[in-house]
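Here's a quick walk through some strand pairing and the nonpolar packing. Have the structure open and follow along.

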Amino acid sequence: MTGFRPSLRRKPSSEPILDRRPFDLLCLTMGFVLLVHAAHLPWWLTTVLAIVLVARWQQRRSGGRNAPIWIKLPLIGLLLGTVIVQNGTLFGREPGSAFAVGLLVLKLLESEHRRDARVGIAFACFALMSALLFDQGLVASFFVCLGIVPALATLRSLEEVEPQATPWAREFTPVLLALLAAVPLSLFAFLFVPRLSSPLWGTPQSGQAVTGLSNRLAPGDMLDLMTDDTPALRVTFTGAPPPNAARYFRAYTMQSFDGKGWSPGYRNSRRPPSRADYGSQFAYQFSMEPTHDRVLPMLDLPTAAPADAIMRADHTVLAKRRVDEVTSFTGYAASTYRLEPSLDDEVRRENLQLPAGVGPQARALAASWVERYGEDRAAIARAALAMFHTNFSYTLAPEPLGRDRIDDFLFATREGYCEHYASAFTFLMRAAGIPARVVTGYQGGYWNGTARYLLVRRSDAHAWSEVWLEGRGWVRFDPTAAVRPERVQLGAAAANAGHGGDEGLLDFPWLRDLRDRWDVVNQWWNRGVIGFDALRQQGLLQPFGIARAEVSDLAMIFAVGCAVLVAVALGWALFQRREGDALDASMRRLQRKLARAGVSRRTGEGPRHFLARAARALPGQRNALERLSELYLRSRYGHDEPPPESVTRFRREVKELKTRRVVK
Amino acid sequence: MPPRAQRLVAWAERRLPSLTRFRRPEPLPIQLHRRRIYIVPTGFGIGFSVLLAVMLVGALNYANNAALMLTCLLGAAAVGSMLVAFRVLNGLTIGGVRAGTARAGETIHVSLDVGASQRERMAVRLDVGLREFVFVVPAGGATTVEFELPTEFRGWLALPRMRVHSRWPLGLFRVWSWLHPDRPVLVYPRPEALGPKPFEPRGDTDRGRPRPGDEPAALREYRPGDPRRQIAWKLSARHHGLLVKDLEQPAPQEDWRLDWDGMHGLDDESRIARLARWIDEARESGRRWSLRLPDGYFDVAQGDEHYHRCMTALALRP
């Protein structure tokens, strides 16, 4: 209805000013969006936006109007500037969401009319969805979905005749009911909306930094990982689980050392898996959280690669595809084994390599051990472990290391965690002429007794060493265990407990049980909802005999099913309770019967006249109709309320009445 | 119009009576039902569905099932709101028109009852002319919408086509139905502005002189010497001076015998306007009058009922 406006002057808007209640709800919605995004926005931006939000709310409450342009423009400029300075760009997930949330809150400054509020709400829905790009866990998703409630309540209050000061709870009840009613349709749509087998643009999770094991290890790098409590693996065993000290999951072996960090060797992938002798092996199932990487951490020692994966020379396993969603594998492990009993010369050279000029003190120490123990390599390794056992301490917050990381750690700081120990131990072994390598992966895990599976968190990431001994092949040495046996015996949580961790305080049995159950729910969510991809969707129709549902089938089912569900809802919408009581219902039935027989009741025709007319028209049923007429009149007009027994009788007689069309 | 087009229009009239809005007038009460309730998305609804489509594509592209679920939930809620919007109008009854009186040229006051049998109907809007009325219809009750209509001519004034519509609950969809009630309201003729008095028989000497009577005519301030029994005690109590019932009243005026044929040289409309003025004057001055029209006679009387009867007869003169 915008007419022609010859001037650029602001047209006095004819739309009514927003009432207080819709504005409050709008503020609430925006606050919710801000809250949902708070986890990944910079804290200062969240704070500033929250202040703007509350200030605007207060200002309007005390009768203030739109913020003037000289406030809005600098704020938008400031937002744009900070986002770009912070991230270097405006595009991408983090800067995009920060910018969107900022604009959304600033939109409040000029929300005066219904139109502004509608635009704001629509945009808020989008911002809510964008929060899910960061975290689609059960709790996060639930909170985001909860954000719809104030959004829809705002839209609703915009339409209200005069928003009354009803309690908030009553405001939200209809919206919650409407959402509840929307659940069947949305679930159906969720199941059958055809998924894309490949993305239209970008790559899934592009730019998303997932903490996970990396193919490089330098002391200090793993700290992010060790404080990340999100699950990494869930392992189920057919029999009893292996003891904690045997739960080593190997992911990478690192053979190349450049003085600062370790990385896998180059030749590793080209060789066939090395020989391994083992006694018995057992199978286990494990499901992996997405890592966007191909490496599968396998229980020590993998004897065969799962389907869709290959085993490398060092018996680490690489999947053929990146693990981009929760995926399940079957693994095979042997607990007693001899890995690579005879060592290839080339491999031996690689595993003895040390960069020149690094760790002179450590080399000297190793040389002294060689002098003392000679060819008894196991004794040298024991000596190194014994040294760690006496003088070193375990901490997740070690002192920073100087230029020569090895010497600095071994002779100056003497504190650190698995990375430091594995790195230094391997260096010492190599310096002593023993082939050695660093292995990273997970160690330990949490046994969920309720659901009977082993939960391995990212914080269970661990690094240890493997040393090649004549006749025994690669032998696992865990120098961290020498420093802090709890790390290996009880797991990462126990190892960290003494160092400011508060796990000990919260370690009640009931709480642990609760946590177990919670993890089961989480796993269900991850597998059932988040992991529901194109492949799983194709198998959706298996119970109906369709092995592989094509996109066209799914689209068809989607369209038909949605139509059916909407039709059911439409039936509800169209259904109107007929007025009147049971007697009226029976009377209507009688009328329908008689209408089929050719006698239809006229408007304004009383029951007596109508039934008398029907009796004349249908001589065969004359007696029955007369009886019905009398019965009806007596029940309807003889009492205030028709007595139930006569209603029942009337209904029965109507049912028994046989009408035949009269041929005139 | 060629017959084919006529047939098409007739078909449209029959099938889409509310959409075409050229619906024939229909008797009140009007009950809205699914055959005459139309529903389309509002501008905001279209924008919102575009947004949902963007969200859907985004969620599918990033294979983000939580986002997809959120989108599906919003979409389903939007579809549900369409049905709720439909239910706002479905089964609504529009009936019971009451009109005030107005002479041509004045505005006439009309009130319309909108009732619902079962549920409460929120945020129903009624467009009359350029004005919009927003109201809530209580469950099992009715709401009265009052509005003024401008009048121009005497006689029956048809109620304008009205639109009852709503955007409840989310403003995403707009349901509407056109109403064309077959219930005209009566507009009295416009009295002429100036003109002669009707012919009166002469000879009454004390015409216009007040004389005491029985009926109280007016209240006035107390003047010394007024008889005590004429003081209106009850009314004086609410006043800061004594009030006296003035029982004097003008002498009964001569009855006016108003006759259509008594005027010469005037066309019909002027006669009607003049008669209307006389009747108004007669009523205001408390006179009794009779009215003779070519097709009817109203005997000498006074009072509202007589007035309305005479004015109706004048208003409906062909």
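## A hairpin in chain B

In this predicted model, strands β9(B) and β10(B) pair up antiparallel, with five bridges between them. For reference, β9(B) covers residues 162-166 and β10(B) covers residues 173-179. If you want a spot to click on, try H165(B): its bridge partner in β10(B) is W176(B).

Six residues sit between the two strands of this hairpin, and G171(B) has a positive phi there, near 75°.

## The other partner of β9(B)

β9(B) also pairs with strand β5 of chain B (residues 121-128). That pairing is antiparallel too, and it runs over five bridges. Here L126(B) is the residue to look for, standing opposite V164(B) of β9(B).

So is β9(B) mostly covered or mostly open? Mostly covered: four of its five residues are buried.

## Where the nonpolar residues gather

As a rule, nonpolar side chains in soluble globular proteins tend to be buried together. The largest nonpolar core in this model counts 84 residues, and the ones with the most contacts inside it are L152(A), F48(B), L70(B) and L74(B). Helix α4 of chain B (residues 65-89) supplies the largest share, eleven residues.

Take L152(A) as an example. Leaving aside residues up to four places away in sequence, L152(A) touches V175(A) and L179(A) in chain A, plus L74(B), A77(B) and L170(B) in chain B.

Apart from that core lies another one, made of 73 residues. Its members include M311(A), I380(A), A432(A) and V456(A).

Definitions and conventions:
Residues are numbered from 1 along each chain as its sequence is written. Chains are lettered from A and ligands numbered from 1 in the order in which they are written. This is a predicted model: local features need pLDDT of at least 70, side-chain atom pairs count only at pLDDT 80 or more; totals for chains, interfaces and linings use all residues. Side-chain values use heavy atoms; hydrogens and water are left out. A nonpolar core is a set of buried Ala, Val, Leu, Ile, Met, Phe, Trp, Tyr and Cys residues joined through side-chain atoms within 4.5 Å. Buried means under 20% relative accessible area, exposed over 50%, partly exposed in between (1.4 Å probe, protein chains only). Contact means heavy atoms within 4.5 Å. Two strands pair if DSSP finds at least two bridges between them.
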